[in-house]
Amino acid sequence: LRASRHARLDIIVHDTRWIEASAARLRDLQRLYSHAGTIYRTGPEASGAADPIVIVDGRHTLHRFHLDHPRALLAIDAPQDAGPLVTRFEEIWATGLPGVTATTLGL
């Protein structure tokens, strides 16, 4: 995020409780770079997704085929493998609901 003002970190998870309770460094990162990242939770349409995806850019990806299994595909400099995963992420992102915010509101 420091390397480029165009860099983004967008995360979508099924449940944000672990991030809220145990991911202090991620929350600090979100506070520092709130303009460059968002943490969402999946909506009901994507609640069945069980294949974690990490997309670095349009060329580098990591796709675990199922959450409970270690099998995965690591694609380095492979835009042909990244395209379908980027589309899948965008579909899941479209169902997203507000998740973890950079600020804590309250009295």
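Here are a few exercises with worked solutions on the predicted model shown above.

**Exercise 1. Get the overall picture: work out which elements the chain has, in what pattern, and what the chain spans.**

Start with the count: the secondary structure comes to 3 helices and 6 strands. Next, put these in sequence order, and you get β-α-α-β-β-β-β-α-β. Now for the extent: the C-alpha trace spans about 50 × 35 × 25 Å along its principal axes. Then look at the contacts between residues at least 6 apart in sequence: 59% of them join residues at least 24 apart.

**Exercise 2. Describe the surface and the charges of the chain.**

Begin with burial: of the 107 residues, 22% are buried. The exposed area is about 7,700 Å², and carbon and sulfur atoms supply 57% of it. For the charges, count 12 positive and 12 negative side chains. Finally, take the centre of each set; the two centres lie 7 Å apart.

**Exercise 3. Take the open sheet of 3 strands, find its order and explain what happens at its edges.**

First, the order is 3-4-5, and the pairing is antiparallel. Next, check the ends of that order: strand 3 (53-55) and strand 5 (72-75) each have a single partner strand, so one side of each is left without a neighbour in the sheet. Neighbouring strands here are turned by 5° against each other on average, direction ignored.

Now zoom in on one pairing. Strand 4 (residues 61-64) runs antiparallel to strand 5, with 4 bridges between them. One residue pair to find on screen is Leu 62 and its bridge partner Leu 74 in strand 5. Last, add the helix: helix 3 (residues 79-94) packs on this sheet and touches strand 3, strand 4 and strand 5. The helix direction makes about 115° with that of strand 3.

**Exercise 4. Place Ile 55, classify its exposure and list what it touches beyond its sequence neighbours.**

Ile 55 sits in strand 3. Its relative accessibility is 28%; partly exposed covers the range between under 20% (buried) and over 50% (exposed), so Ile 55 counts as partly exposed. For contacts, leave out the neighbours within four places in sequence; what remains is His 60, Thr 61, Leu 85, Val 86 and Phe 89. Pick Leu 85 from that list: Leu 85 and Ile 55 are 30 residues apart in sequence, with their C-alpha atoms 7.7 Å apart in space.

**Exercise 5. Work out how strand 2 pairs with strand 1 and with strand 6.**

A reminder before you start: strands of a sheet pair through backbone hydrogen bonds, either parallel or antiparallel. Take strand 1 (residues 9-13) and strand 2 (residues 37-41) to begin with: they run parallel and are joined by 5 bridges. Within that pairing, Ile 11 stands opposite Ile 39 in strand 2. Then turn to strand 6 (residues 97-100), which runs antiparallel to strand 2 and is joined to it by 3 bridges. Here the bridge partner of Arg 41 is Leu 97, in strand 6.

**Exercise 6. Is Thr 16 buried or exposed, and which residues is it in contact with?**

Locate it first: Thr 16 lies in the loop between strand 1 and helix 1 (17-22). Its relative accessibility is 8%, so Thr 16 counts as buried. Setting aside neighbours within four places in sequence, Thr 16 is in contact with Tyr 40, Arg 41, Gly 99 and Val 100.

Technical notes. Residues numbered from 1 in each chain as written. Predicted model: local features only at pLDDT ≥ 70, side-chain atom pairs only at ≥ 80, totals over all residues. Heavy atoms only, no water. Helix = DSSP H or I, 4+ residues; strand = E, 2+ residues; numbered from the N terminus. Buried < 20%, exposed > 50% of the residue type's maximum accessible area, 1.4 Å probe, protein only. Contact = heavy atoms within 4.5 Å. Areas by Shrake-Rupley, 256 points an atom, 1.4 Å probe, with all protein chains shown as cover. Lys, Arg positive; Asp, Glu negative; His and termini not counted. Charge placed at Lys NZ, Arg CZ, Asp CG, Glu CD. Pairing = 2+ DSSP bridges. Axes fitted to C-alpha atoms, helices over the stretch in contact; angles between N-to-C directions.
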